[in-house]
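Me: I have a model open and would like to understand the labels attached to it. Could you take me through the reasoning behind them?

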Amino acid sequence: MNRARTLGLTALTLSGIYLYTFPSANLPYFGIELAHIAGGFIFAFLMLLSLRAFSSASSSLKLGWILVALGSVMGASLAFTGAT
């Protein structure tokens, strides 16, 4: 589970950097954007499954995962409300 979360967070970070750096209306951009949205929902689901391990984590690790969870909530809200 830890490896899946780490790989997911890395992939989402890299795709987010690409989407922010090269905003263009072409097919690869839209493909990466859809993969980023789908990967974000899968990552949020994996975070929900690992809530049990959250209680035994250190305080700095808890702060990091709280910030990642806030980013997930903001990303899901943008996916449903639309981002221009």
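Reply: Happy to; here is how each label follows from its value. Keep in mind that this is a predicted model.

Me: What makes up the chain in terms of helices and strands?
Reply: The chain has four helices and zero strands. Read from the N terminus, the order is α-α-α-α.

Me: Why are α1 and α2 called roughly antiparallel?
Reply: Helix α1 (residues 2-21) and helix α2 (residues 27-49) pack at an angle of about 150°. Angles over 145 degrees count as roughly antiparallel, so α1 and α2 get that name. Their axes are 9 Å apart, and the crossing is left-handed.

Me: Which residues make the contact between α1 and α2?
Reply: From α1 they include A4, L9, L12 and Y18, and from α2 they include I32, H36, F43 and L46. A residue pair counts here when heavy atoms lie within 4.5 Å. By class, the contact has nine nonpolar, six polar and two charged residues. Gly counts as polar, so G8 and G16 of α1, along with G39 and G40 of α2, fall in that class.

Me: How many of the 84 residues, as a percentage, are buried, and what makes a residue buried?
Reply: Buried residues make up 12% of the chain. The label requires under 20% relative accessible area.

Me: What does the accessible surface of the chain come to, and what share belongs to carbon and sulfur atoms?
Reply: The surface comes to about 6,300 Å², with 74% belonging to carbon and sulfur atoms. As for extent, the C-alpha atoms fill a box of roughly 45 × 25 × 20 Å along the principal axes.

Key. Residues numbered from 1 in each chain as written. Predicted model: local features only at pLDDT ≥ 70, side-chain atom pairs only at ≥ 80, totals over all residues. Heavy atoms only, no water. Helix = DSSP H or I, 4+ residues; strand = E, 2+ residues; numbered from the N terminus. Buried < 20%, exposed > 50% of the residue type's maximum accessible area, 1.4 Å probe, protein only. Areas by Shrake-Rupley, 256 points an atom, 1.4 Å probe, with all protein chains shown as cover. Axes fitted to C-alpha atoms, helices over the stretch in contact; angles between N-to-C directions. Parallel < 35°, antiparallel > 145°, perpendicular 65-115°, else oblique. Left-handed = near helix turned anticlockwise from the far one by under 90°.
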